[in-house]
Amino acid sequence: MTQQKLILFFTDNVEDVLLSANHVQMLPVLQACTDFLKQHLSIDNCIDMLRLTDLLCIRKLKSDVLKFICSNWSKVSLTREFCTKLTPKQFLNLLDSNLPMNCSETEVLSSLISWIMYDKYSRQQHFLPLVKLIQIENILRSNLSTMPNKVEFDQLLANHPVFQEDFYSFCHDSQPRLSDSGLVNNRGFTKMLVCVGGFSPNGGMTNELQFFSPESQSWKALTTIPHIKQCNFGLTVLNNEVFVVGGCFNDQIQEVVHQYGFRYNPKEDSWKSIAAMNLERCRFYLGALGGKLYAVGGDPSASLDISLSASPCECFHPEDNKWTAISPLPGNRSQHAGVMFENAMYISGGLQDADEEFFTSFFRYDPESDSWTELAPMLSARADHTMFVYKGHIYVVGGWHENPNQQRVMVADLDRYNHATDSWETLIALPEPRLYATYTILDQNLHIMGGWINGHYQRKAQLVQTVDMETLAITTQTVSKVEVWEHSSCSLYIPSCKMIEN
C-alpha cells in the first residue's frame, strides 16, 4: 500500500479506531490516533475534529484544534461546516479561549452574525452571550459601517438596548488600542515588558529574553537569541517581531564585533536569520520606521577607522532581505540614542572614542530626502542614554558624560523636546540615576530596569522604577526584582498562553 493510500485509509478509519481505543482505554493507541489527527488537521476537517474532541474529552487535541481554527479564522469561517456544524457552545469556546486570530475583530464579529443568521430562529438567543466576547475596543466605527451584514447586526443589537448603548460607547472613531501593536488583531496577546540579554551576577552574559508577568509578579523565560552569547547589539520591534542585529562577543578576551541579525516572532515562537548588515556594528542605534529598519553609527570593527567625520548608516528592507547604505550621520559616534517619530528618525548624543568627545547634538533624519538636519542640542551631553516618545513629544533620559578631570558624571534629568520652539526643557531629576539601565514606555509608565545605581558597579539595581508620565510621580516596584546591566528592553505583545505555559 502506498503512503498516500495509507493516509487515506487512516483518515477514513481513525475516528472508529479512536472511539474503540477510548472505550477500552488503550492509551498508546489513543496517543497514536490523536497525533495522526493533529498532523492532518485542515480547513476542511477542523470543525468535525472539534466535535470529536468534545465527544471524547481529548483536551490536548481540542486545544490544538482551537488554536488552528483561530489562526485560520478568515478561511475556516467561510466554510459550510462552520455555519452548519459549529455548535453555540463550541463558538463560545472559540471566542472565550482568547487565542490569536489571523483577521480583524470586525471580521470576527461579521462571521458571528453570519453564523447566527444561518439559523436565526434557533441561534438568536445565543447572540448576546457571544457578542459580549467580541473585543469591541478593537473595532473602528468606519470598519463597522462597511461590514457586509451590518443591517442584520443592527437588527440583532436592537433587541438588547442596554448592550447596544455599551457597544457603541466602546467602539472607536479612530486608532483602536491595537494601532501600536503591528498586529491585525491583538486578541490573545498581552502587552509585556521584555528584558533582552545583558549581564547578571550569577549567569554572566546571557542571550535570554524574559518578560514580566503581572499575574505572578515575576519574570519568566520567553526565548533565547540563537547566537553566541553577545552584548551591545541593536534591538527594535517591527510589526510585533523582535529584531536583534549586530553586537559583540568575546573571543579569548578580545571583543569581536559582528553584523549578523535575527528576528523573533512571538506568535510562532520562532527565530529566523536576516541578511547581515554591510558593516559590523555594536553600541549603535537600531530603529524601525515605515516598515524598514535603520542602523546608525556605533563601534565599527577593528578594520574600520573610528576617527571618521561621520557615522555610516544603512537601511534594511524586510521584503527584499537586503541592507542598503543611506546618508551618514554627521559626527562619528557610538553609545548614542535614537527614536522614530512622525515619519522621521531622531538621533541624540553619544561619544567619539578617538577624541573622547561627548555629544549634546540632536539630529533629524528624513527618509524621503535621505538627509540629516541638526536641531537644538540637548541640555546635557549624554552617552548610553535613551530617547522615547509619549503623546506626541520626544523625551530623553539617563546617560552619562565625563567632566574635565575625566570623571564620570551621571545625568539624572528627564528632558522633553519642544518641536514648536526647537528647544529642550527639564521636567524632573530622577533619584539615584543608573548606568547601563534601560528605559521602556509601557502604556503611560516609563519603566527603569537594571543598571548600576549612581554609576557604581558594586551597587546593582534589583528593583524596577516607574515614572508615571501623566503625573511624573516615581514609584519602585518591590516585587519585580531583576539584577541585570548592559541589557536591552522593549514592550512586546506576547501570546497570553505563554504566561500559562511558564
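This is a short walk through one predicted model, from the whole chain down to single residue pairs.

Let me start with the overall numbers. The chain has 502 residues, and 50% of them count as buried. Its secondary structure comes to 14 helices and 32 strands. Now the contacts. Take those with a separation of 6 or more: 54% of them join residues 24 or more positions apart.

Next, the cores. The largest nonpolar core holds 46 residues. Which residues have the most contacts inside it? They are Trp73, Leu109, Phe153 and Phe167. Look at Trp73. Leaving aside residues up to four places away in sequence, Trp73 touches Phe82, Phe91, Leu94, Leu95, Met101, Asn102, Cys103, Glu107, Val108 and Ser111. There is also a second, separate core, with 17 residues. Val194, Leu222, Phe262 and Trp271 are included in that one.

On to the helices. I will begin with helix 3, residues 46-56. Its buried residues include Cys46, Ile47, Met49 and Leu50. Leu52, Thr53 and Leu56 are buried as well. Just past the end of helix 3 sits Cys57, with a positive phi of about 55 degrees.

Now two helix pairs. First up are helix 7, residues 88-96, and helix 8, residues 105-118. They pack at an angle of about 175 degrees, and their axes are 12 Å apart. An angle over 145 counts as roughly antiparallel, so helix 7 and helix 8 fall in that class. Who meets whom? Helix 7 brings Pro88, Phe91 and Leu95. Helix 8 answers with Val108, Ser111, Leu112 and Trp115. By class, that contact has six nonpolar residues, one polar and no charged. Recall Trp73 from the core: Phe91 and Leu95 of helix 7 are among its contacts. So are Val108 and Ser111 of helix 8.

The other pair is helix 12, residues 150-158, with helix 13, residues 161-170. Here the angle is about 130 degrees, and the axes are 7 Å apart. Helix 12 and helix 13 are therefore oblique to each other. From helix 12, the residues in the contact are Lys150, Phe153, Asp154, Leu157 and Ala158. From helix 13, they are Pro161, Phe163, Gln164, Phe167 and Tyr168. The split is seven nonpolar, one polar and two charged. Two names should sound familiar: Phe153 and Phe167 were on the list for the largest core.

Let us turn to the sheets. I have picked two. One is an open sheet of four strands, in the order 10-11-12-13, with antiparallel pairing. Strand 10, 285-289, and strand 13, 322-330, are the edges, each pairing on one side only. From one strand to the next, the twist averages 25 degrees.

Stay with strand 10 for a moment. Is this edge strand covered or bare? It is mostly covered, with five of its five residues buried. Tyr285, Gly287 and Leu289 point one way, while Leu286 and Ala288 point the other way. Both sets are buried. Strand 10 pairs with strand 11, residues 292-296, over five bridges in the antiparallel sense. Within that pairing, Gly287 has Tyr294 as its bridge partner. Leu289 stands opposite Lys292. The two strands form a hairpin, with two residues between them. In the turn, Gly290 has a positive phi of about 60 degrees.

The other sheet is also open, with four strands in the order 20-21-24-25 and antiparallel pairing. Why do strand 20, 386-390, and strand 25, 423-429, count as edges? Each has a single partner strand, so one side of each is left without a neighbour in the sheet. Ignoring direction, neighbouring strands here are turned by 30 degrees against each other on average.

The hairpin to look at is strand 24 with strand 25. Strand 24 covers residues 413-418, and six bridges join it to strand 25 in antiparallel fashion. Leu414 stands opposite Ile428 in strand 25. Four residues lie between the two strands. One of the turn residues, Asp422, has a positive phi of about 50 degrees.

To recap the places worth opening on screen. Go to Trp73 and its contacts in the largest core. Then compare the roughly antiparallel helix 7 and helix 8 with the oblique helix 12 and helix 13. Finish at the hairpin turns, with Gly290 and Asp422.

Methods. Residues numbered from 1 in each chain as written. Predicted model: local features only at pLDDT ≥ 70, side-chain atom pairs only at ≥ 80, totals over all residues. Heavy atoms only, no water. Core = buried A, V, L, I, M, F, W, Y, C linked by side-chain atoms within 4.5 Å. Buried < 20%, exposed > 50% of the residue type's maximum accessible area, 1.4 Å probe, protein only. Contact = heavy atoms within 4.5 Å. Pairing = 2+ DSSP bridges. Axes fitted to C-alpha atoms, helices over the stretch in contact; angles between N-to-C directions. Parallel < 35°, antiparallel > 145°, perpendicular 65-115°, else oblique. Nonpolar A, V, L, I, M, F, W, Y, C, P; charged D, E, K, R; others polar.
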